[in-house]
Amino acid sequence: MKYKSTRDVENKLYSGAEVIAMGLAPDGGLFMPTSIPAIKDEEWAHLRTLSYPALAADILHRYLDDYTEEELLADAEAAYGPKKFPEGAPAINEVSENLYSMELWHGPTCAFKDMALQMMPRLLSRALKKTNASKTALILVATSGDTGKAALEGFKDVDGVKIMVFYPAEGVSDTQKLQMITQEGQNVSVCGICGNFDDAQSGVKTIFADEAFEKALADAGAFLSSANSINWGRLVPQIVYYVYGYLYLINQGKIAMGDTVDVCVPTGNFGNILAAYFAKQMGVPFGKFICASNHNNVLTDFFANGNYNRNRPFFQTISPSMDILISSNLERLLYLVCGAKKTAEYMKDLKETGAYTLDADEFKTISEAFIGSYACDEATKKTLKSVFESNRYLADTHTSVALNAAIAYQEKTEKKNAILVASTASPFKFSEDVLSALKGDEAETKNAAKELAAYTGAQIPEQLANLAQKAVRFSSVIEKTEMQNAVWQFATSK
Ligand SMILES: *Cc1c(COP(=O)(O)O)cnc(C)c1O
């Protein structure tokens, strides 16, 4: 399988290992496979029998044929085995009639990003060997909370890689901060900065763009790389759980082979829902893709009228991992529907004016597959509470945005198809807001996780429960002007 850039009309081709090592294409586009491998009719019976790691190796090998099946199976077993995912990767629950929650957050950091970030570092480490990279990859991450911790857990003690995470010292939750500053591993570093997330992010971008610094790093035996969700190595492991989710419903006798299942995903950067779309293109009988947004509803408008417009206010919500106005992975969908030339034009428009508008035929194709839906904080809290009270199902704030969309769609379609909802975080990562949704203003926020456990009977995940006992390893907080210096010191330390 070869890859090309979403913006390249000349079809320059790359191998799987190359695109994972590079991250972003040289022309600024994202890497895409030149075709989407199909699952043949006669293969389903076999796929149904596979464990999650074996299924992951099978699906990944169809895209990454420059990796051997043995390599991929070894990596998938290490990434998704009981040591990393004691309660299953993923765990699927029936919420109500024809409504299923696919919990993707039973990994080391209790967020769905573990599903990709437990696998991607292993793929990158092999990619460095396959492409004969002689230098250490230095992964830089700016985080508003979830990504940093998931990347640290994924990259800790991986050969040939170091990782450094910057977070806004006053801009993450107490749980998220504790998760990061107690991080274990010999090749990791974590640093708070005086500033907000945008300061951290633009600081990292400035470092990436500094050619003199790049040269100095190269002389010191390192090169900069990113664990961002636009890396193909993060997207491809996400396709697997959608295939798995469909097969699981068959194996449980909930649906018959060939039945249409709709998919609903709480969306930010558009990576997770795009992976579901790939699964459909491979042959999984998915129907509609319900793209659920919070108050930052740029995608809801896009799927309603074909106009993408980021010129609008930015809202901070109780589902912060979806607070985003530019959904980078949408570019990959544009490429599939409109081709490289048009994609390059739209991305240029987006950069210059903050907006673009699809042609009528392009919009028709996209709006037949995707439905946008959004919920503000009030509606999200209402859904969280009513699903808990009617169905005894406890969801976090992000998943509740999706449940809100899925339930509305069920009402409209009279529950015709089963809906698979991607559940993206443990409710205990957002205890304060979950508790306040359930109890209203009476909620105690001082000890929210304990309160939430007592009120719902749910258990605090072990990964979060023991945080307070862990040793703090990274207490430094620096000025944003000192970031490059910190990177240099870390890169040249042994
Ligand atoms: C990252 C994240 C999302 C958004 O996923 P995308 O792939 O960026 O669309 C949703 N929920 C949670 C909890 C997340 O961490």
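In the predicted model, the shell of residues around the ligand comprises 5 nonpolar, 8 polar and 2 charged residues. Of the 15 residues that surround the ligand, those that come nearest are Lys113, Gly268, Asn269, Asn272 and Thr424. For Lys113, an N or O atom of the side chain lies 2.5 Å from an oxygen atom of the ligand, and for Gly268 a polar backbone atom is found 2.8 Å from a ligand oxygen. A side-chain N or O atom of Asp146 is likewise placed 3.3 Å from an oxygen atom of the ligand. Taken on its own, the ligand has 390 Å² of accessible area, of which the protein covers 96%.

Two helix pairs were examined for their packing. Helix H16, spanning residues 377–391, packs against helix H17, spanning residues 397–413, with the axes 8 Å apart and at an angle of about 85°; because angles of 65 to 115 degrees count as roughly perpendicular, H16 and H17 are assigned to that class. On the H16 side the contact is formed by Ala379, Thr380, Thr383, Leu384 and Val387, and on the H17 side by Thr397, Ser400, Val401, Leu403, Asn404 and Ile407. The residues of this contact of H16 with H17 divide into 6 nonpolar and 5 polar, with no charged residues.

Helix H13 (residues 298–305) and helix H15 (residues 360–369) pack at an angle of about 115°, their axes being 8 Å apart. Here Phe302, Phe303, Ala304 and Asn305 of H13 meet Phe363, Ile366 and Ser367 of H15, a contact of H13 with H15 made up of 5 nonpolar and 2 polar residues, with no charged ones.

Notes
Residues numbered from 1 in each chain as written. Predicted model: local features only at pLDDT ≥ 70, side-chain atom pairs only at ≥ 80, totals over all residues. Heavy atoms only, no water. Axes fitted to C-alpha atoms, helices over the stretch in contact; angles between N-to-C directions. Helix = DSSP H or I, 4+ residues; strand = E, 2+ residues; numbered from the N terminus. Contact = heavy atoms within 4.5 Å. Nonpolar A, V, L, I, M, F, W, Y, C, P; charged D, E, K, R; others polar. Parallel < 35°, antiparallel > 145°, perpendicular 65-115°, else oblique. Near = heavy atom within 4 Å. Polar contact = N/O pair within 3.5 Å; in protein donor to acceptor, adjacent residues only side chain to side chain. Areas by Shrake-Rupley, 256 points an atom, 1.4 Å probe, with all protein chains shown as cover.
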